[in-house]
Amino acid sequence: MDLTGHTILITGGSAGIGLAFARKFVELGNVVIVTGRRQSKLDECKAANPKLHCIQSDVAKTSDIVALAERVKREFPKLDVLMNNAGTYHNLNLTVPAKNLDTLMDEISTNLTGTICTTSAFVDILTANKGTILNVSSGLAYAPLASAPIYSATKAAVHSYTVSLRFQLQDAGVRVVELLPPTVRTDLTADLPEGGDVKIITTDVLVDATIKALKAGSLEICVGQSAQLMWMSRIAPGFINGQLYKGSKSQIPAAGK
Ligand SMILES: NC(=O)c1ccc[n+]([C@@H]2O[C@H](COP(=O)([O-])OP(=O)(O)OC[C@H]3O[C@@H](n4cnc5c(N)ncnc54)[C@H](OP(=O)(O)O)[C@@H]3O)[C@@H](O)[C@H]2O)c1
């Protein structure tokens, strides 16, 4: 895939992985639009990266997605890349009733429903422009981290959805790519200590590896330890699931927290 001259929308592009890709895509000569919920974060982004187009929008709200799609199609008719990146992560204790059942839906609304609804709202313009959809899942799509059970389930679901989407769009000339990052140091992983079996990479390492893979035409981009999770989930699923549980046990919040 040629990585210059595109118009790219990145959901959740005001921080972390999304922002790192946004900067790189601008540097490579693309028009880049980023979204996020917090206007303050978007303002910071714009001040530091004046070429970025920043729009406040929440992927967990269908009314926001509809408004975003109308605006982007009007203001950026050449849009040809959608990166579904917005995501949220919680460690949860499943052994007691949740204090608020709505909070249990948080990751599903953002990571899964957000990806599905955003894709649907933009599929017409992406088809017209023979574009690309880049869904960000996770290495945890292959093997769940028991401390983050709903997060892991959403990423497995995004993986499955992406496979179906790729088949359905192949005749329309829309490329569907999945990026499965390993653990990356961002706000989302701020509490995760260094060391142990989990190798935490930087956003720069992730972006460089992904750009290389995109240029080579890869459709499923497994970076670093995500590739190990993929192979282990095929060769010895019980073993790898158990290892991830052991490694994440200390992150499960105490009952009632
Ligand atoms: N970091 C990792 O180790 C890792 C590993 C594998 C996969 N991933 C995936 O990579 C993606 C990015 O993660 P990250 O580590 O960069 O997270 P991050 O540093 O927490 O950044 C998340 C970004 O998404 C935005 N966002 C969150 N909820 C949103 C919503 N409902 N609507 C719109 N924007 C929203 C945030 O801005 P606002 O809060 O202002 O909305 C922020 O810009 C996620 O899908 C995550 O699951 C991350």
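## Strands, core and ligand shell

β2 and strand β3 (residues 53-56) pair in the parallel sense, over 4 bridges. The model is predicted. Within this pairing, Thr35 has Ile55 in β3 as its bridge partner. Between the two strands the chain runs through helix α2 (residues 39-48), and this β-α-β crossover from β2 to β3 is right-handed.

β2 also pairs with strand β1 (residues 7-10). That pairing is parallel too, with 4 bridges. Here Ile10 stands opposite Val34 in β2. The chain leaves β1, passes through α1 and enters β2; this β-α-β crossover is right-handed. β2 itself is mostly covered, with 5 of its 6 residues buried.

The two pairings of β2 are set out below.

| Strands | Sense | Bridges | Bridge pair | Helix crossed |
|---|---|---|---|---|
| β1 and β2 | parallel | 4 bridges | Ile10 and Val34 | α1 |
| β2 and β3 | parallel | 4 bridges | Thr35 and Ile55 | α2 |

**The core.** The largest nonpolar core holds 58 residues. Leu9, Ile10, Ala22, Val32, Val34 and Met83 have the most contacts inside it. Ile10 and Val34 are thus named twice, in the core and as opposite residues of β1 and β2. Among the elements, α1 gives the most to this core, with 6 residues.

What does Met83 touch, leaving aside its neighbours within four places in sequence? Its contacts are Ile8, Leu9, Ile10, Thr11, Phe21, Leu134 and Val136. Of these, Leu9 and Ile10 are again on the list of residues with the most contacts inside the core.

**The ligand shell.** There are 32 residues around the ligand. Gly12, Gly16, Arg37, Arg38 and Gly87 come nearest. Three elements give two or more residues to the shell: α1 (16-27), β2 (31-36) and α5 (106-128). By class, the shell has 17 polar, 10 nonpolar and 5 charged residues. α1 therefore has two roles in this account: it contributes to the ligand shell and to the core.

**Arg166.** This residue is found in helix α6 (residues 149-169). Is Arg166 buried, exposed or partly exposed? Arg166 is partly exposed, because 18 other C-beta atoms lie within 10 Å, and a residue counts as buried at 20 or more and exposed at 12 or fewer. Beyond its neighbours within four places in sequence, Arg166 is in contact with Val176 and Leu219. Leu219 is 53 residues away in sequence, yet its C-alpha lies 9.1 Å from the C-alpha of Arg166.

Key: Residues are numbered from 1 along each chain as its sequence is written. This is a predicted model: local features need pLDDT of at least 70, side-chain atom pairs count only at pLDDT 80 or more; totals for chains, interfaces and linings use all residues. A residue is near a molecule or strand if its C-beta atom, placed from the backbone, lies within 6 Å of it. Ala, Val, Leu, Ile, Met, Phe, Trp, Tyr, Cys and Pro count as nonpolar, Asp, Glu, Lys and Arg as charged, and the others, Gly among them, as polar. Two residues are in contact if their C-beta atoms, placed from the backbone, lie within 7 Å. Two strands pair if DSSP finds at least two bridges between them. A crossover is right-handed if, with the strands pointing away from the viewer, the path from the first strand over the helix to the second runs clockwise. A nonpolar core is a set of buried Ala, Val, Leu, Ile, Met, Phe, Trp, Tyr and Cys residues joined through C-beta atoms within 7 Å.
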